[in-house]
Structure formats: structure tokens, C-alpha cells
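Me: Could you walk me through reading a structure, feature by feature? I would like the general idea each time and then the case at hand.

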Amino acid sequence: MTSRKLSAGHCRQLGATPEAHGTNFAIWGRLAKSMELLLFSSEKDENPEVITLSEEIYRSGYYWHIHVGGVSAGQIYAWRVKEVLIDLPGNRFDPEKVLLDPYGRRILLGDCYNRQSSALPGSNLHCCAKNVVVDLRHYDWEEDNFPRHPLSRSVIYEMHVAGFTKDPSSNLPDYLQGTYAGVIKKIPYLQELGITAVELLPVFQFDPQDARPGKSNYWGYSPMGFFAPHGEYAADGSHLGVLNEFRDMVKALHKANIEVILDVVYNHTAEGGDDGPVICFRGVDNDAFYTLDENYHSTNYSGCGNTLDASHPMTKKMITDSLKFWREEMHVDGFRFDLAAILSRDGFGQPMSDPPTIRTIDGDYSLADTKLFAEAWDAGGLYLVGKMAGDRWREWNGLFRDDVRRFIKGDEGMVSAFATRLIGSPDIYHLQFSDPYKSLNFITCHDGFTLWDLVSYDQKHNEANGEDNRDGSNDNYSWNHGVEGPTDDPAILTLRLRQAKNFFVVNLMSVGTPMIQMGDETLRTQQGNNNVYCQDNSISWFNWQPTHHGREMLRFVTEMLRYRSVLKEEPRFFFSLGQALESARVDWHGVQPFQPDWGPNSQTLGLTAYDARYDIDVYAFFNSWWKPLVLNLPPPPNNPNGHWKRVCDTGLEPPNDITPLGCEYAELPDLSYTVQPRSVIVLICRSLKEKDHT
């Protein structure tokens, strides 16, 4: 019993909402007959104040709600489903289980949290996660502006919030390492690098204990809630400090003209399979929030034990409400949907041709100016690359990654596929019916080898994960160039560095939006581990003291990215095939002009294109063969008597491999050029038209 002033409250907003003289609590619970709201005096309190909600006063339709006087921001709380109207097959109601609020804005784990204990029958009061009432109304966004970079000028930097600054080499104070505030301190590095957006690995509060014994969940693909930022990433661990520090980071990135994209996980939760813990959704309504099989067991299309049922009306509402929260309250610029194909499955796990959640997100006016990227497959074999319902979705292009890897390492029979990936994968996206930036192009991402490991290992080496090297992908299309892993051989190191540069040039030139992985610009290694989800240590963290080759790579990448600069105060020459295709066709070449070799044994390809915005002809040649070639160059299409000038040649010794933007380009005296083994060249020539090129 409580002496607090209680009233019916409302369900206009779910979660805990501070209002006049108290807080309104609201939760969905269609099968509950009575609910209990628990109010804790501290994180360790095991004797909370219990407020029982009867359906006669505190229920409207499927929703439970109550206004509790005297409760303000900072109050710790949770829920229990005390009694149900009917216990349907597949549900997991337990009147003793303490449950998180699905709409909770702050989640506390505390020292007592124990994932395994929450999986056992009976009360978990001694080890449960809890929510905190927070008031988001008074944060000062100052004059925060969304950068709104066009995809044609965007370069996305996939980054782990903690891993970016957690290594001691970051030279940050201990309390800032691995935090949102730590990211703020490193914004000048991101600006100098030249990226336009950071794509943050999951920042929803996740369960670090969701891993094998002795390991911790590092990546964060284990969400406990969809509205709460991960508390352990904050230097300020106070109840509201976590949210404010996240918003401080977003605001600071926006001031630096950098967008913030979240990697969001709406395909499964931290509750795992049937033997997993009861933390929130499973205890509120297992059958509604998850897809179950004919025997009422959890399906596993996510590969993580359960599958969220995005087709259920309440789950669909929760997902869209979560997106709006992160956009409106936290000011993020876009979302990358992990295993997005799952959102196309119905309540039984079967694919739908017109999935409601996918369509709703695509057409929601409040999300119209956000970027939407889909990982358009799942662990159950559903592969929807090029087939996502709706027009606004952009997709991670897994075929781009695989085909470019195979061509650059010299696999035969890849020239046609490589050319198709360069020009935006029209075999997938049918570019005559869509814009040329449907494809999110990447060579590496968090899931797999780093770029340096891609050119240093033939096989994965995941022994440190404790799964006998069975985990992680076996299909890496990698090449160690003669020695597995580290070597002191200067010839091998030089070739690996050249190949890494080749990958960068291809990714930045190709039609689509390029994404690079944190640390690839400095040749970060994971020692051959291609699945570091449980490695919260130096294997995964960014090393701020790169090797000699890492520093050389950083110089090259920084110069390359200057050609895609979007800074409004510094308009610059820019080229990508996407813009060329908007104004002219691409002509293909081999060693001889206009004679490309599409044969199964070919390992070379050249092209010319025209950038109408700057009246520049561009020639590029990609040589993945092991010998040098003497090229007969075509004349510049729009200036037949002009001379080609060299922008980039990865076969040359640094710093001649790339001409810094604004410097004089080396002019070729004639139409003959020797391209080195396994290298890429880019040449330009001004057209005959005269105009201001500033």
C-alpha cells in the first residue's frame, strides 16, 4: 500500500512521463488482469514500494496507466504482471518476475544484475534490471542544425562508441575513455579525416552479460530496450547524465558538420532463446512481441535465440515510436537496420510481400528527412538485397563487398561483376528506375576482417572467442600475399599496403554511398579475428599509435577523402561515377582504348567518364594482374588534344601515389602509361569548356 496521491493517469504517451506534481506511467498489457508498479528507493533496494493497478480504474483497452503524485525524475521503477485474464500457449507470465518498461528511457543494471539468475523461475528482485524516470524537456540544444548531407557527397564511418577511445593510446583521461564524451574529444580527428557521418554500432542499452562464460558482449547487438542509451558508455553515469552526454555528443558532431547514424537492432532482444532470461518483453507478452513456431517455441531467424515479431501492431508501434524518439529527442540523422529482412516476416516467421513495418517506416512523414539503410538479409536465409519494400531504403550491398574483394585479389572471371559493382549494381537496383545511391558500398565492416587483416590472412583466426574457431564467416575472399599474418618482409608489406589503397580508391569512386570501418584508415588489425563481438579489449579497440604503414595509409586516405569534401565553406573538385552517370555514359577500355577484355582470364579493366559539374574527363584503370602493363590511353573525350593529368597511382612510391587536392597534377606527355602490378590509376583532363572551377 502507498500513501501517495494516485489517479488514473492516461496512455497518450507510453513509458514514464514527468508531469505536474508527479509522473504518469503507462504500459501495454493486453492479457493482464492486474499490474504492479514497483518504486525503488535505490539500485540495491529489494523491498520496493508496490502499487497495484486494478483494471477497473487503471486500464483503457490494452493499456495500463497511472499518475503517481510526488514522483519525479530520478525515481527508479519497474513493473510486474501480477495476474492475467488468460494464459495463452506460448506465454511466459510470472507474477514474481520484475520487468523493464518497454518504453523506458533509462535502464539501470547495477552491481547486482545477473542475467543467468533472471532465467530461473521465480522472483528476480535481487538481480533485476530497473528503469529510471527521466525528464527530457529541459535540455539546451542551442541552435543545433542537422547537416543533411546528400548521399552523393557522403562518406560514412562505421564506429564503435567505446572502442574508438577505450585504448590507452587515445591519451584521454581514464574517465573519458570509451565514452560519448570521449568521442567529442576526438571530433577534430574525424574532421581532418574528412568523413561526413559516423554510423555508431548499437547504443541502445544492451546486456554485456549476453556472451559465453568469461566473455562480454562488446558489439552491443543485444538490446534490453529500444529507447534507452547504453549507460556504460557515459562518463557521467547519473540518471539523466547518460542521456545528456549522448545528446552533447550529437550536438558536437553536428557542429562539426558530421551526421550521426545509429545501427539499430529491431530484429531480436537480449532475452535470447526459450532458456534465456525474462527481462521485459517475454514477461509482458511473449506471443505478441516474438515470433513463435507451431510448438510455441522461439524462432531464431536472428541467430541470437529469438525473433521480434515486427508484424504485430504493438511491436510495429514500438519500433516506429523508438525511431521517432531518437530522431526528435536525440537528434540523430539516420538509421542502419541490423538484419532488416526480419522486419518482412509475419508472426509465424514467413516472408511477406508487403510488410507493414517496412512500409510504415518508409512512408512516415516524421522520418522523411532521415537516412534509412538496411542490412537486407537475416540469419534464416531471407535475402532481400534489391527487394526491400519501399523507395527510401538504401541497402548494404554485400555483393559489392564480395565481388570487389575477389577482383582486387586477382580471382579470374570477375571483370564483368566488378564493372557492374562500379556502376551501382544495376543488376540489383535497376538504376534506370532508381537513384544511383541505392547501394551502400563497403569493403569491410564490424562483421568480418578489418582491411589490413583482409590483405594479411587467408583464414580466420577466432580461437580467442572460445568456440574452436567455428564462429565467424568462412567466406572472406581474403589473401595473405605470401605469409599468414604479421611479417617483416618489406615486399609483402608494400604489396599489402598497395592493395589496401586499391580497395579505398574503388570504394570511393563507385556509384553509391561509401562506408569505411573504424581504423581501416590506419590499418587496424584484429589479429585475424573476423568475429570480435566478445572481444572488449585491444583486439577491437582503435589504436591511436599506428605503425609506419598505418600512418602512410592515413595520409593516403585523408588525401583521397578530400576529393569528396562536402564542407559548404570549402567547395572543391569532386568526382564519383555516380555523378558521371547522371551526365554521360561510361566507356570501357582494356590495354587498348575501347577494347575491354571481358574474358574469363582477364584481370584488368579501364574506363572513361565525364563529370559535367566540373567539366572534367576522368580515366581510371584497375590492374589486379601480377605484372605491369603498358597502356595506350584514349584521348580525353571532351578535349581530344588535351593531356591527361595524374590524380592517383597506387603503384607509385609515397607521396607520389596521390596528388593532394589543390596541388599541381603531373601531366602525361603522351597517350602511353605503364601501370604497375596490382594497382589503380586515376587521371583527369579539363574539357574545352571554360568556367569557374573554384
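Reply: Happily; what follows goes through empty space, a helix, strands and some backbone angles. Keep in mind that this is a predicted model.

Me: Let us begin with empty space. How much space lies in the largest pocket, and which residues are closest to its centre?

Reply: The general idea is simple: rolling a probe the size of a water molecule over the atoms shows where empty space is left. Here the largest pocket holds about 1,200 Å³ of space. It is lined by 45 residues, and Trp219, Ser302, Leu339, Asp447 and Asn531 are the closest to its centre. Sorted by class, the lining consists of 16 nonpolar, 16 polar and 13 charged residues. Helix H9 (residues 398–408) supplies the largest share of that lining, with four residues.

Me: And how many cavities of 30 Å³ or more are there?

Reply: The count is seven. The second largest cavity has a volume of about 110 Å³. Its lining has 13 residues, with His160, His446, Gln517, Met518 and Arg524 nearest the centre. Six of the lining residues are nonpolar, five polar and two charged.

Me: Now a helix. What span does helix H7 reach, and what is expected?

Reply: As background, an α-helix has 3.6 residues a turn, so residues three or four places apart point the same way. H7 covers residues 313–328, and its 16 residues reach 22 Å from first C-alpha to last, close to the expected 22 Å. Its buried residues are Met314, Thr315, Met318, Ile319, Thr320, Asp321, Ser322, Leu323, Phe325, Trp326 and Arg327.

Me: On to strands. Which way do the residues of strand E14 point, and which strands pair with E14?

Reply: In a regular strand the side chains alternate between the two faces of the sheet. In E14 (residues 334–337), Gly334 and Arg336 point one way while Phe335 and Phe337 point the other, and all are buried. For pairing, strands of a sheet pair through backbone hydrogen bonds, either parallel or antiparallel. Strand E13 (residues 259–264) runs parallel to E14, joined by four bridges; one places isoleucine 261 opposite glycine 334 as its bridge partner. Strand E15 (residues 371–374) also pairs with E14 in the parallel sense, over four bridges, and there arginine 336 has phenylalanine 373 as its partner. Between E14 and E15 the chain passes through helix H8 (residues 356–363), making a right-handed β-α-β crossover.

Me: What is the order of the open sheet of five strands?

Reply: The order is E5-E4-E8-E10-E9, with antiparallel pairing. Strands E5 (49–54) and E9 (107–108) are the edges, each pairing on one side only. E9 is joined to strand E10 (residues 130–132) by two bridges, and isoleucine 107 has asparagine 131 as its bridge partner.

Me: Last, the backbone angles. Where is leucine 339, and is it buried or exposed?

Reply: Most residues other than glycine have a negative phi, and most peptide bonds are trans. Leucine 339 has a positive phi of about 45 degrees and sits in the loop between E14 and H8. Its relative accessible area is 10%, under the 20% cut-off, so leucine 339 counts as buried. Arginine 148, in the loop between E10 and strand E11 (156–159), also has a positive phi, near 55 degrees. At 49% relative accessibility, arginine 148 is partly exposed.

Me: Which residues does a cis peptide bond join?

Reply: Proline 654 and proline 655 are joined by one, with omega about 5 degrees. Proline 655 lies in the loop between strand E23 (645–649) and strand E24 (666–667).

Definitions and conventions
Residues numbered from 1 in each chain as written. Predicted model: local features only at pLDDT ≥ 70, side-chain atom pairs only at ≥ 80, totals over all residues. Heavy atoms only, no water. 1 Å grid on protein atoms, 1.4 Å probe; cavity = no way out; pocket = protein on both sides within 12 Å on 5 of 7 lines; lining within 4 Å. Points joined across faces, edges and corners; volume = space filled by probe spheres on them. Nonpolar A, V, L, I, M, F, W, Y, C, P; charged D, E, K, R; others polar. Expected span 1.5 Å × (residues − 1). Buried < 20%, exposed > 50% of the residue type's maximum accessible area, 1.4 Å probe, protein only. Pairing = 2+ DSSP bridges. Right-handed = clockwise from strand over helix to strand, strands pointing away.
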